[in-house]
Amino acid sequence: EASAEGGGMIGTGTLMSTGSASALQPLLEARDVLRAVRTVATRARGELMAVQAGAEDEGVRWVTASRSQPTDEAADLVAGMSDTEQELACLHADAVSALFRVELKVGCCEQQARALAKQSVVVEGLAKRDSQAAVFGTRTMKERRLDDSKLDSIASVSTNPPLKERELLAAVGRNPYERALLLVQMAPFQSEQHKQNAMLTEAAECLVRAQAAEDGLLAQARPDVRPRTAVPLQPKILQRGPTSCTFTHFPFALKGAKRAARYCIFAKNFGAGVGLTVNKAAMEFPGTGIQVPLDTPITVEGLGTNDTYIFAAAAYDEAGQIIGGLGTASREVLAALPLPLYMCWAHLLLVATKNGLKLHAQRAAGVLLPHFIDTSPDRPLWEANPQDAQALHRGHMGAACRPLLRTFVQAALAWAPVALQAALAWAPVALQAEPGIERGPRASAVSGVGPEYRDAYLAGQVARLKAVQTTLLAMEVAAMLRDEMLVQEGALRAHNMLAPLLALQPVPQHVHKALAKVHLSLQGIANMVQDSLVGQEASRAAAARAAAAASYYLVTLSTEAGEGGSAQYFGRLEMELLRAYDPKFSIPGRPQAEKLQPEAKALQDGLLMHPRLQELGAGVLAERAKDAGDLAAKVLPLLSGSSPLSAWEAALGKEEATRDPRWVELVVRMLESAVRAGVTTSVTPIAVQVAWHCRAAQQRPRTNFEPWSLADAAAAVPDDAAMQALVPREGPGDATQYLHGK
């Protein structure tokens, strides 16, 4: 599957090189593996259905593949479905989607191979023609241009494999689930956007038809059996698979005096010829047309995978005579196992967002996200935080299986930035109709108010908070699944979306809750063993930086709001993620950090200047205070007091302090704190002294050069200079003595 990432990246006019040809073998191996996975998943799901034979909900659980349903009524009907059944169905959907992607990539490689072979034949023909120039004459310039044009046309291969696409479309047949997944995977391979749009539109329509079919089959499985009817009701389906269906019958309440003693099933392809009747064509499948005692299950076999059929039941008396004729035909039944529809919508959403197809992403998000996220009407900003309008639907979350929830998280994380971008583009228009934002007639007319606080910008800020909330809800689900990679991805996305709000002065209090959720989610990341983070170390380091930034703002906002307990909680710095990138700590399984990250450095500096430093109880700060060589740990706590200039006498004014790389920075901080505190008595003399020291340091020649070894010196001498030095010169001694003296 990794070899097939980035489908559609093969450019027009390129041919398969040796490297591309070598990439085909891993693709073929991946295809074999995925085919095996699909086969195993299908067989395992069939075995699970066989185990559930005789269950009370046997007549409805075959209809769908998930407990996650668009209505609570439908969800109640399949509430008995086990987690294993759902997880196998999700695995089945993922395997089918990955298999289609690999198949299309293989088709691209085969298409290039055919073009290369065809081009080789033409090149050989031209070479043979040139070798016979004595007989046929040399090719003219016009002939050469035509031949080159022919070679270029042969070499031009499309980004999509048409032959493979037709083959796969024929294989999926009338299966709306697999057809939708195939179209979703075909879209990125198209070079023209209108083709991508057409394929994703058709994929969405397939999923809509599949949902309508499931709703109809669920309704058909619960008919009203009380009134007496002239003909039998449609047969009751117990199980279905890729090649067979198992039936029984609903109670026969037929008009007339005869009582049913036996029944049989008839079947035909949907849409083939006339309607279903009692004839030879309706009894061509094994299991049809055979009379069996009442309540005896009948299995109809020999069905074509991914084809659709209709079925009907007929009742017979003891003498074998049909009662009332052939019964009501069933709805169209697909000979295949269903796939989780919300999983399919998530795949569509991921592909649409990745390829910039916003309208299709919006349609998929409109189906997937409302199922898991409840959205209440907006309220005025002074009354409620915009993030409070969104919350997880706990009932739907509990019904969904883990693979579906994980895919929902991936889709939500991909959709939130797209939704934010669209909202920001329409923010001025949306503002006028936004009920939660009250336009103040004086707001934009007040002088001295920055543009970021005027009402014309509020809609964009509210949209940003809503997009952040979507990301935070996805993070919450990822944390529940204990998926650390998704948690850290969500944290980075949320922090990046919050960055413009954090840059405002002062920072809005509305971001307090969002930052607290980011901090809480990152606090659950505990795996810091480097060997288990192959390919993820950069993301883990970025997550640590986001954790430090969130902690910094949380301490600041909590202090400003008078929430001392919250500031103390966030200021303890007990997060494992922060300790892993702190040189003061050693984490088993990973090398010790060489220096603090910039965000962690700013966080610790801010805490050292906190007026209630001792109450925070941060262990890392206590360790720094014990370090006699840590100048910042000595100076920064003094700057928050009433006499910041005391830091000059305590540490900064000493000669050894000037050798610290942060000395100038700390002196400037001290002077700024003194001016803010109104203590300006000694500011000017200290500033003059520091300025003189800086000028003197610039003029002083460098003397702390690192000593060279003999190998370093030899490497620095050019080869020609070294050889010239070995030439004997006039004077006493040989060349060796001369070189030694030189």
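The following dialogue examines the terms applied to a strand and two cavities in a predicted model.

Tutor: Local features in this predicted model need pLDDT of at least 70, side-chain atom pairs count only at pLDDT 80 or more, and totals for chains, interfaces and linings use all residues. Residues are numbered from 1 along each chain as its sequence is written, and side-chain values use heavy atoms, with hydrogens and water left out.

Student: Why is strand S3 called mostly covered?

Tutor: Buried means under 20% relative accessible area, exposed over 50%, and partly exposed in between (1.4 Å probe, protein chains only). Six of the eight residues of S3 (residues 262-269) are buried.

Student: How do you know that S3 and S4 pair?

Tutor: Two strands (DSSP E runs of at least two residues, numbered from the N terminus) pair if DSSP finds at least two bridges between them. S3 and S4 (residues 292-293) have two bridges, in the antiparallel sense, so the criterion is met. Arg262 stands opposite Pro293 in S4.

Student: What joins S3 to S6?

Tutor: Eight bridges join S3 to the antiparallel S6 (residues 308-316); Tyr263 stands opposite Ala315 there.

Student: What makes a space a cavity?

Tutor: On a 1 Å grid over the protein atoms alone, a cavity is a set of points where a 1.4 Å probe fits but cannot get out; lining residues have an atom within 4 Å of a point. The structure holds six cavities of 30 Å³ or more. The largest has a volume of about 120 Å³, and its lining includes Arg45, Trp62 and Glu85. The second largest holds about 80 Å³, with Leu573 and Asp582 among its lining residues.

Definitions and conventions
Helices (H or I, at least four residues) and strands (E, at least two) are DSSP runs, numbered from the N terminus. On a 1 Å grid over the protein atoms alone, a cavity is a set of points where a 1.4 Å probe fits but cannot get out, and a pocket is an open set with protein on both sides within 12 Å along at least five of seven lines; lining residues have an atom within 4 Å of a point. Grid points are joined across faces, edges and corners, and a volume is the space filled by probe spheres set on the points.
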